[in-house]
Amino acid sequence: MKFIKSIIPYLDQESFAKELINTSQLRKLFDLVRFDKVKSNLEAHAVLFGKNGSKAAYKQVRLRLRRKLIDFILREGAQIKNVDSYSQRYRVSMNAVAVAKYLMLNNAKQIAVEMEEILIETTRKYEYTDLTLSLCRDLCNYFSENNYQPKKIRKYRRIMSDMRTLYNAELELSQYYGELRAAFAGSRAILRNKLLSKAEEYAERANVYLNLPQRSYQLLVSIHQIYTIRYELTKDYVKLLEVCESAIIEFQNRKVYRKSILLYFNLYKVMCFIQLGRYLEVEQIAKHHFQVITQGSTNWFVLKAYLMISKLYSNEYQEAFEIQKDVGMSSAYQKQPATLLQTWTVYEAHIELLVAFGKIKTDQPSKFRLNKFLNDVPLYTKDKKGLNIAILIIQVLFLLQQRKYSQIIDRVDALKQYCYRYLKKDDTFRSHCFIRMLLQMPRADFNRIRTERYAEPFLTKLRSVPIAVSEQSIEVEVIPYEDLWKMTLELLD
């Protein structure tokens, strides 16, 4: 089901539907999925075969539809919006290479070679290493076996040798980056030193490849990506910013690059500016990219999220409210990945809290379902140190704003257990301190003066580890805890 759903947006749906018999189970399943009438295989099976129908029969229909979709895409091509010039050229070149190879396999070798000698100039110009390497092999074989020309053999062997070295380097560095990114996403603070050692080792290896006689676009992307992780691990945002700026200059000065890679490094720059407190520069980058990226795309929502954090960190709460409103009104909002939607739900809750605190002025009725947010099981039940932290904190603050002290007291033991089980490491240090500060309120009978006195040791610890050097993600600490604590104390007046 997931594959069928994901591939449908990239094909001519009406043309594909015409290839299926209207009354067939294949057509029925296709229509159920494309018109979003079912959400799961279980629902689709019930519609087509009944709740007690054959599961094997449904599986057979699903697999047949999957094969037909793949055949159609291979034959007709994918319909992708806003394809950049790099990808367009690659597709044209790849199709041309496929045609030339087809001719070669069917003994139309002279025509194929003439095509390939022209094609190889294009693939080298646009740095499509894999295509160039494949063409070199054909040309070397032809001029060795069918039309002996020593000069051309030497020429294409030399190119093939360079491309083989380059392609192996691309593969190696791509593997390094993938390995680091996967490990970084799932690593705990206690494992970061080991991961950092590996990142430093890979960065040294990557640096060696900068001296290759030919450096492709893909090679340079991987080199800079490895360095971004290397400095992200150490929270060295000054060095990370230098890497991003170097990468952007490198690609802008090349004939070949993808605009998406500039956005990739600019998003990293935005993160650095937030951590370094350079909020004006966040807005400058965002303003530029909002003019060139598709409104409602995932990157649009990600950039909006960074801009929202920037506004919250710089106490520009009214502007943060406008960003939240803009995002909520987007027709593409509900189509975003579940994790992104969950993040924005937490952001929305913070905005709603600021409205309740009187930090944001609005005459519009809220659409935020506060009771549902307060009563629901946290969305990140498996991610005990992710947005769960933000959800738990904001639940307590909503209850405080509503003067529901008894409900806060009921949560004290659960919060203590949560801190003990999940918030003992460096990557959650600030959250641990802040929750311990909140836990002083019931102990102080919600008296401001006593709460401040009891919380002072934890506030001191919190301030000893600023956000910029904390292991904690800025997506978790949506509003700096120091600011949030001031608002909390105001509610105790």
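This report describes the overall build of a predicted model and then some of its individual residues.

**Overall build**

The protein contains 24 helices and zero strands. Computed along the principal axes, its C-alpha atoms fill a box of roughly 95 × 60 × 40 Å. The chain has 493 residues, and 47% of these count as buried. About 26,200 Å² of the protein is exposed, with 50% of that area supplied by carbon and sulfur atoms. Among contacts with a separation of 6 or more, 65% join residues 24 or more positions apart.

**Charge**

The protein carries 77 positive and 54 negative charges, and the mean positions of the two sets lie 5 Å apart. On the surface, R124, K151, R154, K155 and R158 gather in a patch of positive charge. Helix α9, which spans residues 150-186, gives the most to this patch, with four residues. R124 belongs to helix α7, residues 109-125. The relative accessible area of R124 is 34%, so this residue is partly exposed.

**Positive phi in two loops**

Two residues that are not glycine have a positive phi: N107, near 70°, and E127, at about 60°. N107 sits in the loop between α6 (85-105) and α7, while E127 is in the loop between α7 and α8 (129-145). The table sets out their values.

| Residue | Phi | Place |
|---|---|---|
| N107 | near 70° | loop between α6 and α7 |
| E127 | about 60° | loop between α7 and α8 |

N107 has a relative accessible area of 63%, and because the cut-off for an exposed residue is over 50%, N107 counts as exposed.

**A buried histidine**

Is H224 buried or exposed? H224 counts as buried, because its relative accessibility is 8% and the cut-off for burial is under 20%. This residue lies in helix α11, residues 217-233. Which residues is H224 in contact with, leaving aside its neighbours within four places in sequence? They are V243, S246, A247, E250, F251 and F265.

**Summary**

The model is built from helices, with zero strands. R124 in the positive patch is partly exposed, N107 in its loop is exposed, and H224 in helix α11 is buried.

Technical notes. Residues numbered from 1 in each chain as written. Predicted model: local features only at pLDDT ≥ 70, side-chain atom pairs only at ≥ 80, totals over all residues. Heavy atoms only, no water. Patch = residues over 30% accessible without salt bridge, like charges linked within 9 Å, V, L, I, M, F, W, Y side chains within 5 Å. Areas by Shrake-Rupley, 256 points an atom, 1.4 Å probe, with all protein chains shown as cover. Salt bridge = Lys/Arg side-chain N within 4 Å of Asp/Glu carboxyl O. Lys, Arg positive; Asp, Glu negative; His and termini not counted. Charge placed at Lys NZ, Arg CZ, Asp CG, Glu CD. Buried < 20%, exposed > 50% of the residue type's maximum accessible area, 1.4 Å probe, protein only. Contact = heavy atoms within 4.5 Å.
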